[in-house]
Amino acid sequence: MADKKAQLIIEGAAPVELPILSGTMGPDVIDVRSLTNQGVFTFDPGFMSTAACESKITFIDGDKGILMHRGYPIEQLAEKSDYLEVCYALLYGELPTAEQKATFTAQITGHTMMHEQMKSFLNGFRRDAHPMAVMCGLVGALSAFYHDSLDNNNPKHRELSAIRLIAKMPTMAAMCYKYSIGQPIMYPRNNLGYAENFLHMMFNTPSDVQPVNPVLAKAMDRIFILHADHEQNASTSTVRLTGSTGANPFACIAAGIAALWGPAHGGANEAVLTMLDEIGSVENIEKFIAKAKDKNDPFKLMGFGHRVYKNFDPRAKVMKQTCDEVLSELGINDPKLELAMKLEEIARNDPYFQERNLYPNVDFYSGIILKAIGIPTSMFTVIFALARTAGWIAQWKEMYAGGYKIGRPRQIYTGHTQRDYTPINERG
Ligand code: SDX
């Protein structure tokens, strides 16, 4: 991969040659691993210009608004595939044959139930606990139940943990919801599809089991696809960094859930609905646009902007189409959708947003669909975590399979130079 070189001239030192590595797509990278021998570090807070790993799973082109998983464009996967197929491609590199898909689906189905004692673990939380707090606890606790798949150096253990996590996330997510509303937990049903089963566990009760609306199940499955993986975002990088210490996969995914929770990341879908509630009506949009542009105001337009996409987030386009489908299927005329569309129109015509290439991202419309399906706002980021588990664990597996070193960034130190300890009566 290295046939080009970069030359670094450091004053007073001999020029340093650094290999330039090329991938199959996207920018070249300058391999700076030898720089420590020169007594210098690179400095890149927020990793704006840093490639932390090599990966074959997901490719993003932020300027062109391209997102591909294993080479398949997200638009095609959203239209033609389903979430379990995308999980298979993320994990194994290819879309499954019919036989492989049947086997994989059966494996997932066979692991959807939780250890019965997980219910008592749940009871330790207050009913009004944020479901992301509960999910951090439940997923982290899985390592206390599944001791038979914790040897990260055993490929079969890595495989089993990946299957268990993808299979159990919907069950745990629904458990969080049912617990928060004081309803009995619903068990998964082996005769239901992945997204269908999730909606069954969310909205059915032991005394009233209704068939899941297939349009809603399809919309839910598509939302899972759109959130499945996204290169080296903050939560995926957290999973990789945690995994690089040898921590078990359940702890790594719990760490990813914690990182995703932030409103700048996966928490944005919940924050978009809160923001739309705050804006309230079209008349108030200009006021909030002004707040978003005001450097002295911490308010940001939630669901807008992206570290990588400086064009439309391709997922946002598909999400908007899905939004239209679901609302028309349900006969819902949600004023929040009108408000969101007006907000997008005004923001996209404002020079501040144009100059900074700020477009709607995956979170801008997702909340409106989830709300239409009946999912409470507090559960939105849980849905994101449920879907992203496939990407997180695929990236974790890739890291283990490819050889890795423990992640340990350095710093530029700007604190005190050495000074002597002073007794307390000489201070102040
Ligand atoms: C996700 O990384 C991923 O791939 C994430 C994700 C995934 O699938 O894993 O795609 C999921 O996290 C999507 C993003 C969800 N977050 C939000 O919607 C929150 C609102 N967006 C912003 O917080 C922000 O856009 C970020 C965090 C998403 C990106 O921030 P960056 O890359 O650090 O960009 P920046 O803050 O340096 O912004 C550049 C400029 C700044 O203005 P100037 O200092 O140049 O004058 O744009 C401004 C920012 O103030 N800006 C915004 C803005 N986003 C950026 N101004 C108002 N509203 C916004 N939303």
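## Contacts with the ligand

A good place to start is arginine 388, where a polar side-chain atom sits 2.8 Å from an oxygen atom of the ligand. The protein covers 78% of the 1,100 Å² of accessible area that the ligand has on its own. As you look around, keep in mind that this is a predicted model.

Two other polar partners are worth finding. At glycine 303 the partner is a polar backbone atom, 2.8 Å from an oxygen atom of the ligand. At tyrosine 352 an N or O atom of the side chain lies 3.0 Å from a nitrogen atom of the ligand.

## The shell around the ligand

Now step back to the residues that surround the ligand. There are 24 of them, and His230, His306, Arg307, Arg315 and Arg388 come nearest. Sorted by class, this shell has 10 nonpolar residues, along with seven polar and seven charged ones.

## A cavity inside the protein

Next, turn to the empty space within the model. The structure holds one cavity of 30 Å³ or more. The largest cavity has a volume of about 70 Å³.

Which residues line the largest cavity? They are Met114, His115, Glu116, Lys119, Thr171, Met175, Ile185, Met186, Tyr187 and Pro188. By class, this lining has six nonpolar, two polar and two charged residues.

## The second largest pocket

There is also a pocket to explore. The second largest pocket offers about 310 Å³ of space, and 25 residues line it. Leu84, Gly193, Tyr194, Ala195 and Asp221 are the ones that lie nearest its centre. The lining of this pocket divides into 12 nonpolar, seven polar and six charged residues.

Which helix supplies the largest share of the lining of the second largest pocket? The answer is α7, with six residues. This helix runs over residues 194–203. Each of α2 (83–92), α3 (98–109), α6 (155–180), α7 and α8 (214–226) supplies at least two residues of the lining.

## The chain as a whole

Finally, here is the full view. The chain has 17 helices and six strands. Its C-alpha trace spans about 80 × 65 × 60 Å along its principal axes.

How does the radius of gyration of the chain agree with that of a compact globule, and what are the two values? With 428 residues, a compact globule would have a radius of gyration near 22 Å, and the chain has 23 Å, so the two agree.

Notes
Residues numbered from 1 in each chain as written. Heavy atoms only, no water. Near = heavy atom within 4 Å. Polar contact = N/O pair within 3.5 Å; in protein donor to acceptor, adjacent residues only side chain to side chain. Areas by Shrake-Rupley, 256 points an atom, 1.4 Å probe, with all protein chains shown as cover. Nonpolar A, V, L, I, M, F, W, Y, C, P; charged D, E, K, R; others polar. 1 Å grid on protein atoms, 1.4 Å probe; cavity = no way out; pocket = protein on both sides within 12 Å on 5 of 7 lines; lining within 4 Å. Points joined across faces, edges and corners; volume = space filled by probe spheres on them. Helix = DSSP H or I, 4+ residues; strand = E, 2+ residues; numbered from the N terminus. Rg over C-alpha atoms; globule rule 2.2 N^0.38 Å.
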